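Me: I am new to this structure and would like a close look at a single part of it, the sheet and the core residues that go with it. Please take me through it step by step.

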Amino acid sequence: QVQLVESGGGWVQPGGSLRLSCAASGGIFSIHAMGWYRQGPGNQRELVADISSAGSTNYADSVKGRFTISRDNAKNTVYLQMNSLKFEDTAVYYCNGRTEVIPYLEVWGQGTLVTVSS
């Protein structure tokens with residue numbers, strides 16, 4: 001049974017940085033695409049960044065140039081380095097893992113709260 005556990009959230013001032021981690025267990029991590037999503041106050045859950053099993057990355061326009069997603073297959077962990085944080089980055093951040101072939105299954109972590117405030 002695949003499980004994802006996020007960590008690294010917290011409070012940070014605008015312009016600051018945080019690194020989120022997502023540790024996976026119970027699956028073959030290296031063959032899955034991984035992603036970070038977020039849900040801010042009053043908003044729908046949205047894609048922040050994802051990374052394929054081959055290492056290709058994709059970012060929301062709002063975070064391009066500020067956030068970096070990476071993965072360490074040896075540690076079964078995906079990271080989200082967040083720099084130059086803005087108030088609008090405040091959200092619960094969720095880790096996502098999904099298969100890249102049928103039947104296209106996915107798993108979600110429990111979320112970690114990031115609060116950007118002065």
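Reply:

**The open sheet and the core**

In this predicted model, strands E1 and E3 run antiparallel and are joined by five bridges. One of the residue pairs to look for here is Val5 with Ala23, the latter being the bridge partner of Val5 in E3.

From this pair the view can be widened to the whole sheet, which is open and consists of four strands in the order E1-E3-E8-E7, with antiparallel pairing. Because E1, covering 3–7, and E7 each have a single partner strand, they stand at the edges, and one side of each is left without a neighbour in the sheet. Direction ignored, neighbouring strands of this sheet are turned against each other by 15° on average.

The next step is the core. The largest nonpolar core has 26 residues, and those with the most contacts inside it are Trp36, Val78, Leu80, Met82 and Tyr93. Several strands each supply at least two residues of this core, among them E3 (18–25), E7 (67–72) and E8 (77–82), and also E4 (33–39), E5 (46–51), E9 (91–98) and E11 (112–116). The largest share, four residues, comes from E3.

Leu80 is a useful residue to follow through this core. Leaving aside residues up to four places away in sequence, Leu80 touches Leu18, Arg19, Leu20, Trp36, Val48, Ala49, Phe67, Thr68, Ile69 and Tyr93.

One of these contacts, Ile69, lies in strand E7. Ile69 counts as buried because its relative accessibility is 4%, and the cut-off for buried is under 20%. With residues up to four places away in sequence again left out, Ile69 touches Leu80 and Val78, and its other contacts include Met34, Gly35, Trp36, Ala49, Asp50, Ile51, Thr57 and Tyr59. Ile69 and Trp36 are 33 residues apart in sequence, while their C-alpha atoms are 8.2 Å apart in space.

A last residue to look at is Arg66, which has its place in the loop between strand E6 (57–59) and E7. Arg66 is buried, with a relative accessible area of 11%. Once residues up to four places away in sequence are set aside, Arg66 touches Gln81, Met82, Asn83, Ser84, Leu85, Lys86 and Asp89. Among these contacts of Arg66 is Met82, which is also one of the residues with the most contacts inside the largest nonpolar core.

Key:
Residues numbered from 1 in each chain as written. Predicted model: local features only at pLDDT ≥ 70, side-chain atom pairs only at ≥ 80, totals over all residues. Heavy atoms only, no water. Core = buried A, V, L, I, M, F, W, Y, C linked by side-chain atoms within 4.5 Å. Buried < 20%, exposed > 50% of the residue type's maximum accessible area, 1.4 Å probe, protein only. Contact = heavy atoms within 4.5 Å. Pairing = 2+ DSSP bridges. Axes fitted to C-alpha atoms, helices over the stretch in contact; angles between N-to-C directions.
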